[in-house]
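Here's a quick tour of a structure you may not have seen before. Have a look at it first, and then we'll start with its aromatic rings.

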Amino acid sequence: MFKLSEIKELIKLLDQTSSVHELEIESEGMKLAIRKPDRPEADGNAIQAAPYVYPFTPAPQPHSPQHVAPTAPIEIPAAVQPQSSPAEGALHKIVSPMVGTFYSAASPESPSFVKVGDRVNEKSTVCIIEAMKLMNELEAEVRGEIVSVLAENGQLVEYGQPLFLVKPE
């Protein structure tokens, strides 16, 4: 369940970014959606609306039981994640599922989870995104070779920002 302090921090982070206007998170069977109130329309006028945080609603549960790690990352459906453009050939983008801080390793003394040339599979951890003091491991979700690392250790990343390019097998 989401804590009030976590929700307030998400609202604050969403308010600080100009590129993200809404955020939806599902975790532990609960769903939270937050939308910014003022968005300009095509004619230049702003839509005025009161801030609104949607109430928690149970997320659909899978039919088969799944093991969930104690610090499982928040899953973003594949339909939400942008795929590579024709200019990038058949490369798969691994994107940030949230606003947070990108970490390439588990600790400053540890080696990076992956580097250019490494082979990954669907369950390979590629980085950690820290949001509200919670460490969320991000998995590759594709089998292939890391072609490019697009974020630097300690960098603030946005929701949907490409972090890695992977050449799928």
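## The aromatic pair

This predicted model holds one aromatic pair. Phe102 and Phe164 form it, in a tilted arrangement: 5.9 Å centre to centre, with 50° between the planes. (Rings of Phe, Tyr and Trp, using the six-membered ring for Trp, pair if their centres lie within 6.5 Å; planes under 30 degrees apart are stacked, over 60 edge-to-face, and the rest tilted.)

The pair links distant parts of the chain, 62 residues apart: Phe102 sits in strand E8 (residues 100–103) and Phe164 in strand E14. Strands here are DSSP runs of at least two residues, helices (H or I) of at least four, numbered from the N terminus. Both Phe102 and Phe164 are buried, meaning under 20% relative accessible area with a 1.4 Å probe, counting protein chains only.

## Strand E7 next door to E14

Strand E14 (residues 162–168) also pairs with E7, antiparallel, over four bridges; DSSP has to find at least two for strands to count as paired. Ile94 of E7 stands opposite Phe164.

Along E7 (residues 92–95), His92 and Ile94 point one way, Lys93 and Val95 the other, and all are buried. In a regular strand, side chains alternate between the two faces of the sheet.

## The whole chain

Overall, the protein chain has one helix and 14 strands. Of its 169 residues, 33% are buried.

## How to read the numbers

Residues are numbered from 1 along each chain as its sequence is written, and side-chain values use heavy atoms, without hydrogens or water. Local features need pLDDT of at least 70 and side-chain atom pairs 80 or more, while totals for chains, interfaces and linings use all residues.

Key: Buried < 20%, exposed > 50% of the residue type's maximum accessible area, 1.4 Å probe, protein only.
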